[in-house]
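Welcome, and take a seat at the viewer. Please load the model that appears below and keep its sequence at hand.

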Number of protein chains: 2
Amino acid sequence: MGKAKRICHLALRFLAFGATLSSVIVMATSHQRAGFFPVYFEAKYTNTPAFKYFVIANSVVTVYGFFVLFLPPKSLLWRFVVALDLVFTMLLISSMSSALAIAYVGKKGNNYAGWLPICGQVPKYCDQVTGALIAGFAAVIIYIVLVFYSIHSVLDPLLLRKT
Amino acid sequence: MGKAKRICHLALRFLAFGATLSSVIVMATSHQRAGFFPVYFEAKYTNTPAFKYFVIANSVVTVYGFFVLFLPPKSLLWRFVVALDLVFTMLLISSMSSALAIAYVGKKGNNYAGWLPICGQVPKYCDQVTGALIAGFAAVIIYIVLVFYSIHSVLDPLLLRKT
């Protein structure tokens, strides 16, 4: 790998680390009380299994992303990192999709099932969840780019080079 | 690739094709009317955006899986298939996760958001959705195996061979 490529690669990994970290922080700190005396309810991410899964998956990937930043460029472990990248990208996609599906119901509701939207009652909570999902989405995109870059440089699937 | 490996590979692809096809058919035919005169409601997959996404994603992968079955073993396109496999695996994982998240709410409800479970009213619909999700899950597992097999044979990430 050339020096420019290496810096670009490291910058992408750093961005991905920042994106997963901020999605965890924003989602984990999201909570809002709503209702009138004496009936309060508190909207928190722990009330929704899909959001818990999102926080756990993004935390795991944050820790992984942190350690990969310090891997020496010549290490043989980089081949293993390609496989791990793939595993963690799948984990991120899965957690992102499930959180997005639930957030969509929270925003729009589902008339047929009788599920009412809750964003009208807890707008601050909704905004924070949206922010976490945007950060998570950025992380997913960066990891997909990293995975396809690895695949491309090893496999040349578009047959651009001569074989 | 040896002959045994090729047959095994083709069998896996055929299984994946069958799994995505059956998940589409089972999900698309799931519907049940419920309620008492004069208020009927019909549970259908088109009422839930996540289930529509599931059907579309699995249909796309079914068509792809069908054509790959007829690709000649010596074709150079197999390198491109590795990248396409990865794309479609991500699509399947994403659609599976969002459908699962919604199905979970349909089964268990979410007390905090005031979303009631609907499976008590439309048990036949719920069973059919569960069947579709199981077939979809099998397809996801097979595609993940195919992707990691390709990665393994090209990259050797566990460094089993001598370099």
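Some exercises follow, each with a worked solution.

This is a predicted model, in which local features need pLDDT of at least 70 and side-chain atom pairs count only at pLDDT 80 or more, while totals for chains, interfaces and linings use all residues. Residues are numbered from 1 along each chain as its sequence is written, chains are lettered from A and ligands numbered from 1 in the order in which they are written, and side-chain values use heavy atoms, with hydrogens and water left out.

**Exercise 1. Salt bridges**

Task: find the salt bridges of the structure and state which helices they link.

Solution.
- Step 1. Start from the criterion: a side-chain nitrogen of Lys or Arg within 4 Å of a carboxyl oxygen of Asp or Glu. Over all chains, 2 salt bridges are present.
- Step 2. In chain A, Arg13(A) meets Asp85(A) at 2.5 Å, N to O. Arg13(A) belongs to helix 1 of chain A and Asp85(A) to helix 3 of chain A, so this pair ties together parts that are 72 residues apart in sequence. Helices here are DSSP runs of H or I with at least four residues, numbered from the N terminus.
- Step 3. Check the surroundings: Arg13(A) and Asp85(A) are both buried, where buried means under 20% relative accessible area, exposed over 50%, and partly exposed in between (1.4 Å probe, protein chains only).
- Step 4. Turn to chain B, where Asp85(B) and Arg13(B) form a salt bridge with their closest N and O atoms 2.5 Å apart. This pair links helix 3 (residues 77–108) of chain B, home of Asp85(B), with helix 1 of chain B, home of Arg13(B), across 72 residues.
- Step 5. Asp85(B) counts as buried because its relative accessibility is 1%, and Arg13(B) is buried too, at 5%.

**Exercise 2. Helix 1 of chain B**

Task: compare the span of helix 1 of chain B with the expected one, then list its buried residues.

Solution.
- Step 1. The helix covers residues 3–28, which makes 26 residues. The expected span is 1.5 Å times one less than the number of residues.
- Step 2. From first C-alpha to last, helix 1 of chain B reaches 37 Å, close to the 38 Å expected.
- Step 3. The buried residues are His9(B), Arg13(B), Ala16(B), Phe17(B), Ala19(B), Thr20(B), Ser23(B), Val24(B) and Met27(B).
- Step 4. For reading such a list, recall that an α-helix has 3.6 residues a turn, so residues three or four places apart point the same way.

**Exercise 3. Aromatic pairs**

Task: describe how Phe17(A) and Phe66(A) pair, and then do likewise for Tyr64(A) and Phe88(A).

Solution.
- Step 1. Rings of Phe, Tyr and Trp (its six-membered ring) pair if their centres lie within 6.5 Å; planes under 30 degrees apart count as stacked, over 60 as edge-to-face and the rest as tilted. The search finds 11 aromatic pairs over all chains.
- Step 2. Phe17(A) and Phe66(A) are tilted, at 5.8 Å centre to centre with 40° between the planes. The pair connects helix 1 (residues 3–28) of chain A with helix 2 of chain A, its two residues being 49 residues apart.
- Step 3. Phe17(A) is buried because its relative accessible area is 14%, whereas Phe66(A), at 37%, counts as partly exposed.
- Step 4. Tyr64(A) and Phe88(A) also form a tilted pair, 4.5 Å centre to centre and 35° between the planes. Here helix 2 of chain A is linked to helix 3 (residues 77–108) of chain A, over 24 residues. Both Tyr64(A) and Phe88(A) are buried.
- Step 5. Ring pairs also join Phe14(A), Phe17(A), Phe66(A), Phe67(A) and Phe70(A) into a cluster.

**Exercise 4. Disulfides**

Task: locate the disulfides and give their handedness.

Solution.
- Step 1. A disulfide is a pair of cysteine sulfur atoms within 2.5 Å, and the structure holds 2 over all chains.
- Step 2. Cys119(A) is joined to Cys126(A), S to S 1.8 Å, and the link is left-handed with -80° about the S-S bond.
- Step 3. Cys119(A) is buried at 13% relative accessibility, as is Cys126(A) at 11%.
- Step 4. In chain B, Cys119(B) is joined to Cys126(B), S to S 1.8 Å; this link is left-handed, with -80° about the S-S bond, and both cysteines are buried.
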